[in-house]
Amino acid sequence: MIGKFHTMVKEIKDYALKENVPIMLDDGIEFLTTFILKHQITKVLEIGTAIGYSSIIMALSSPNLKIVTIERDEARYLEALKNVKKFDLENRITLIFGDALNVNLDDKFDLIFLDGAKGKNIDFLEHFEGNLEKEGFFITDNINFHGYVKKDEREIKSRNLRGLVKKIKKYIEYLKNSNVYSTKFYEIGDGIAVTNKKEVG
Ligand code: SAH
Ligand code: MG
């Protein structure tokens with residue numbers, strides 16, 4: 001499926017590199033698409049479209065998959081719109097322009113992919129947990145944040161970066177200590193967490 005679009009996909013990747021758009025790493029996206037097929041996911045909500053790369057790859061990998069994806073940066077949203085049209089995927093990828101925390105959806109999804117602001121994952125998870133199917137999953141990208149999460153905090157010179165790393169650690173603890181969710185952490189790409197509801201009873 002992707003083979004045929006190889007050149008067009010490469011163009012998006014080159015654009016991302018040139019414009020510093022942090023799209024998913026190859027092994028991360030490979031994990032995501034394999035997961036979607038394995039768990040027969042049919043509806044995905046993505047927080048953080050950027051320029052549409054991950055949405056497009058997910059859609060190309062699973063012919064029946066529908067995706068709703070949210071982006072707050074207008075320039076990126078517009079670029080994503082252009083890219084989705086190029087691939088003729090407007091009927092399967094719905095782009096929403098806005099801050100995800102202000103977007104309220106009624107639909108239920110069997111996968112909610114958190115790839116927006118890295119310090120906001122608790123907020124994203126709590127905002128959208130009502131949109132998760134009973135047997136659904138949250139997948140969170142950038143759990144290692146370029147290796148910084150495992151570094152000694154004193155080694156991180158920038159105050160902003162230190163703050164962000166603290167928030168990611170807090171999110172990891174939140175997942176680990178949850179009574180509602182159980183989470184597996186994978187050392188793939190930039191670190192990926194897979195979260196689902198614990199079985200009750
Ligand atoms: N999923 C993309 C990469 C996303 S990069 C891919 O792999 O191709 C993260 C994106 O999330 C950025 O473009 C940023 O603007 C967006 N973002 C961050 N916080 C957000 C929020 N609260 N609501 C919507 N988009 C957000
Ligand atoms: Mg990411």
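**A metal site and a ligand pocket**

In this predicted model, the magnesium ion (ligand 2) has as its protein donors Asp-115 (OD), Asp-141 (OD) and Asn-142 (OD1), which lie 2.1 to 2.2 Å from it; donors are N, O and S atoms within 2.8 Å of the metal (3.2 Å for Na, K and Ca), and with water not among the atoms, sites may look incomplete. Along the chain these donors follow the spacing D-x25-D-N. Distant parts of the chain are thereby linked, since Asp-115 belongs to the loop between strand S4 (109-114) and helix H5 (121-128), whereas Asn-142, 27 residues apart from it, belongs to the loop between strand S5 (132-141) and helix H6 (159-177); helices (H or I, at least four residues) and strands (E, at least two) are DSSP runs numbered from the N terminus.

Turning to ligand 1, 21 residues surround it, the closest being Gly-48, Glu-71, Arg-76, Ala-100 and Asp-115, where a residue is counted if one of its heavy atoms lies within 4 Å. A polar side-chain atom of Arg-76 lies 2.7 Å from an oxygen atom of ligand 1, and a backbone N or O atom of Met-24 lies 2.9 Å from an oxygen atom of the ligand. Taken alone, ligand 1 exposes 590 Å², of which the protein buries 95% (Shrake-Rupley method, 1.4 Å probe).

Residues are numbered from 1 along each chain as its sequence is written, and ligands from 1 in the order in which they are written. Local features need pLDDT of at least 70, and side-chain atom pairs count only at pLDDT 80 or more, with side-chain values using heavy atoms.

Definitions and conventions: Polar contact = N/O pair within 3.5 Å; in protein donor to acceptor, adjacent residues only side chain to side chain.
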